[in-house]
Amino acid sequence: MVFQWFHSTAYMMDDEVGSLVEKLKPQFVTKWLKTVCDVRFDVMVMCLLPKPAEFARVGGYWDKSCSTVTQLKEGLNRILCLIPYNVISQPLWECFMPEWLEAIRTEVPDSQLKEFREVLRYFSRAGSASSLCSVWFI
């Protein structure tokens, strides 16, 4: 649910409330997520997989009936919203991103692959600022 919150608040208006929420992310929530990752790396990975454990299927696209393609696109967008806050470490990325690429390869019809271009471009841009994306663009 915390990942869904990051995704939902990424599109808030740039007003007083939006500014306050953006301050909360690095001050409190990001630190907490990094602690969770340090203490329970396995849980963090499970929550970031394309088909997470049942306990992680809360909020957003998990609360509505939608296609696998929509779930994959929304999930990647959710991860994208975490990157600016350095929540996604290299070891974490290396655990879950191959699963995402495999899910896209096996579950997305060729006719819908173009729908993933935009979000993958964002990952590529994020990769130019960090080493995360170099893992799968090599």
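The accessible surface of this predicted model adds up to about 8,100 Å², and 57% of that belongs to carbon and sulfur atoms. Buried residues account for 39% of the 138 residues in the protein.

As for the fold, you're looking at seven helices and zero strands. Take the contacts between residues at least 6 apart in sequence: 68% of them join residues at least 24 apart.

The largest nonpolar core has 28 residues, and those with the most contacts inside it are Leu48, Leu76, Ile88, Leu92, Phe96, Phe116 and Phe123. Helices H2 (16-39), H3 (41-48), H4 (68-82), H5 (90-107) and H6 (117-129) each chip in at least two residues of this core. H5 gives the largest share, seven residues.

Now the charged pairs. The structure holds five salt bridges, including these:

| Salt bridge | Closest N to O distance |
|---|---|
| glutamate 115 and lysine 73 | 2.7 Å |
| arginine 105 and glutamate 102 | 2.7 Å |
| arginine 121 and glutamate 118 | 3.2 Å |

The pair of glutamate 115 and lysine 73 ties together distant parts of the chain, 42 residues apart: glutamate 115 sits in the loop between H5 and H6, lysine 73 in helix H4. Glutamate 115 is partly exposed at 33% relative accessibility, and lysine 73 is partly exposed at 23%.

Arginine 105 and glutamate 102 are about one helical turn from each other, because they're three residues apart in helix H5. Here arginine 105 is exposed, with a relative accessible area of 60%, while glutamate 102 is partly exposed at 36%.

Arginine 121 and glutamate 118 are likewise three residues apart, both in helix H6. Arginine 121 is partly exposed at 42%, and glutamate 118 is partly exposed at 36%.

Definitions and conventions
Residues numbered from 1 in each chain as written. Predicted model: local features only at pLDDT ≥ 70, side-chain atom pairs only at ≥ 80, totals over all residues. Heavy atoms only, no water. Core = buried A, V, L, I, M, F, W, Y, C linked by side-chain atoms within 4.5 Å. Buried < 20%, exposed > 50% of the residue type's maximum accessible area, 1.4 Å probe, protein only. Helix = DSSP H or I, 4+ residues; strand = E, 2+ residues; numbered from the N terminus. Contact = heavy atoms within 4.5 Å. Areas by Shrake-Rupley, 256 points an atom, 1.4 Å probe, with all protein chains shown as cover. Salt bridge = Lys/Arg side-chain N within 4 Å of Asp/Glu carboxyl O.
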